[in-house]
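User: Please take a close look at the nonpolar interior of this model. I would like one connected account that also places that interior in the chain as a whole.

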Amino acid sequence: LAGDFRNASIDLEEALTLSTKAHDPEQMSKAHRLLGSMHYYQRQYQPAWIHYYTSLALGRTANDDAGLVRTYRCMGVLAAEDTRPDGLDRALAYTDTALQFAIRTNDRAEMSSIHGNLGLILMHMKDTALARIHNDSALFIARELGDSLRIMKAWENIGQLAGRYGDHERT
């Protein structure tokens, strides 16, 4: 697995070099976002943040709303794992911003994923009513798309919420 990450990182660094030479901020943003995710998967949070923030700045420069959806979503996931007291608040803010960009670009698949992420964040924040709304929204959109993986993830989130807060009939 470490070799896979190493090879992917080498390829992404090359993509970053090429997009930098081509002065292509959209592709540079994408390369930084993917490098951030590579660091995240390896639990290297500080470099992940650096790449995500760089991706965000470049995505704004390029007016790449679709890329900003993904970068904010990634930042929300990373912030949700932050053990500092404001981690979940930051996760909620980044993820809500991702949802606003997904709505702006009408990216229904991202909307479903982001609603699911918001449901999980809100569950951890003990806001069960709003978590249910986001989980139900994720399921509704996933069904609308006919996306079986997203449908399964939405039901998993619904089950986690129900199990955690004693709604065993819904689990």
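Analyst: The account below starts with the overall fold, goes on to the interior, and ends with some individual positions outside it.

The model is predicted. Its protein chain holds eight helices and zero strands, in the order α-α-α-α-α-α-α-α along the sequence. The radius of gyration is 17 Å, close to the 16 Å that the globule rule gives for 171 residues, so the chain is as compact as a globular protein of that length. The C-alpha trace spans about 55 × 30 × 30 Å along its principal axes. Of the contacts with a separation of 6 or more, 49% join residues 24 or more positions apart.

Of the 171 residues, 40% count as buried. The accessible surface comes to about 9200 Å², and 54% of this surface belongs to carbon and sulfur atoms. As for charge, the chain has 19 positive and 22 negative charges, and their mean positions are 2 Å apart.

Now to the interior itself. The largest nonpolar core has 23 residues. Within this core, the residues that touch the most other members are Trp-49, Tyr-52, Tyr-72, Met-75, Leu-78, Tyr-94 and Ile-114. Four helices each supply at least two residues of the core: α3 (45-61), α4 (65-80), α5 (87-105) and α6 (108-124). Among the contributors, α4 gives the most, with seven residues.

Tyr-94 shows how this part is put together. Leaving aside residues up to four places away in sequence, Tyr-94 touches Trp-49, Tyr-53, Tyr-72, Met-75, Gly-76 and Ala-79. Trp-49, Tyr-72 and Met-75 are also listed among the core residues that touch the most other members. Apart from this core lies another, of eight residues, including Phe-5, Leu-12, Leu-16 and Leu-35.

The loop between α5 and α6 holds Asp-107. Asp-107 has a relative accessible area of 18%, and because buried means under 20%, Asp-107 counts as buried. Its contacts, not counting residues up to four places away in sequence, are with Arg-70 and Ala-102.

Two other loop positions have a positive phi without being glycine. His-23 sits in the loop between α1 (2-21) and α2 (25-41), and its phi is near 55°. With a relative accessible area of 68%, His-23 is exposed. Lys-126 is found in the loop between α6 and α7 (128-145), where it has a positive phi of about 70°. Lys-126 is likewise exposed, at 63% relative accessibility. The cut-off for exposed is over 50%, so His-23, at 68%, and Lys-126, at 63%, both qualify.

One last position is Glu-13, in helix α1. Glu-13 counts as partly exposed, at 39% relative accessibility. The C-alpha atoms of Glu-13 and Ala-138 are separated by 34 Å, and these two residues are 125 residues apart along the chain.

In short, the core asked about has 23 residues, with α4 as the helix that gives the most to it, and another core, of eight residues, lies apart from it.

Definitions and conventions. Residues numbered from 1 in each chain as written. Predicted model: local features only at pLDDT ≥ 70, side-chain atom pairs only at ≥ 80, totals over all residues. Heavy atoms only, no water. Rg over C-alpha atoms; globule rule 2.2 N^0.38 Å. Buried < 20%, exposed > 50% of the residue type's maximum accessible area, 1.4 Å probe, protein only. Contact = heavy atoms within 4.5 Å. Areas by Shrake-Rupley, 256 points an atom, 1.4 Å probe, with all protein chains shown as cover. Lys, Arg positive; Asp, Glu negative; His and termini not counted. Charge placed at Lys NZ, Arg CZ, Asp CG, Glu CD. Core = buried A, V, L, I, M, F, W, Y, C linked by side-chain atoms within 4.5 Å.
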